[in-house]
Amino acid sequence: MKKKNFISSVLVYFIALLIPLLLVLQTMQVHKYKTLKSEVKELEKKQVELVEENRKLISDISVLSGSDRIEKIAEEELGMHKADTEDIVRVEIKGK
């Protein structure tokens, strides 16, 4: 009978100690969850910013690589002109 009382009292003490421990662990998990949630929000915001910047850069590339723009720079800044038919030389290499 004494052994049964001892086991039940140890069990009660164990449960009494386990409850605050579980509450502390729960609090730690909540803190970790909030921290990770905040981090995810920041990363999502940064992702949106990077996507917008990428769209802008793609648009800039389209504008800068336009054939009209390149032709204008070649003529005005580099003094180039389109080759006339008589300026074109064809070279053929015949193999064995």
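Start by selecting Asp-60 and Lys-56: their side chains meet in a salt bridge, 3.5 Å from N to O. Keep in mind as you click around that this is a predicted model. Both residues sit in helix α1, four residues apart, so about one helical turn separates them. Colour the pair by accessibility and you'll find that Asp-60 is partly exposed, at 32% relative accessibility, while Lys-56 comes in at 53% and counts as exposed. That label fits because exposed means over 50% relative accessible area.

Next stop, still on helix α1: pick Glu-52 and Arg-55. What do these two form? A salt bridge, with the closest N and O atoms 2.8 Å apart. The spacing along the helix is three residues here, so Glu-52 and Arg-55 are again separated by about one helical turn. Turn on the surface and check each partner. Glu-52 has a relative accessible area of 45%, which makes it partly exposed. Arg-55, at 52%, counts as exposed.

Now leave that helix and select Glu-71 together with Lys-82. Here is another salt bridge, and its closest N and O atoms are 3.9 Å apart. This pair links distant parts of the chain: Glu-71 belongs to helix α2, which covers residues 67-76, whereas Lys-82 lies in the segment after α2, with the two positions 11 residues apart in numbering. Why does the pair make the list at 3.9 Å? Because the rule asks for a side-chain nitrogen of Lys or Arg within 4 Å of a carboxyl oxygen of Asp or Glu. As for the surface, Glu-71 is partly exposed, with 32% relative accessible area, and Lys-82 is exposed at 59%.

How many salt bridges does the rule give? The count comes to three, so with Glu-71 and Lys-82 you've now visited the full set.

For the last stop, put the charges aside and select Leu-11, Phe-14, Ile-15, Ile-19 and Leu-23. Show them as a surface: together they form a nonpolar patch with about 500 Å² of accessible area. Zoom in on one of them, Leu-23. Where is Leu-23? In helix α1, which runs over residues 2-64. Is Leu-23 buried or exposed? Exposed, with a relative accessible area of 54%. A residue needs over 30% relative accessible area and no salt bridge to join a patch, and Leu-23 clears that area cut-off because its own value is 54%.

How values were computed:
Residues numbered from 1 in each chain as written. Predicted model: local features only at pLDDT ≥ 70, side-chain atom pairs only at ≥ 80, totals over all residues. Heavy atoms only, no water. Patch = residues over 30% accessible without salt bridge, like charges linked within 9 Å, V, L, I, M, F, W, Y side chains within 5 Å. Areas by Shrake-Rupley, 256 points an atom, 1.4 Å probe, with all protein chains shown as cover. Buried < 20%, exposed > 50% of the residue type's maximum accessible area, 1.4 Å probe, protein only.
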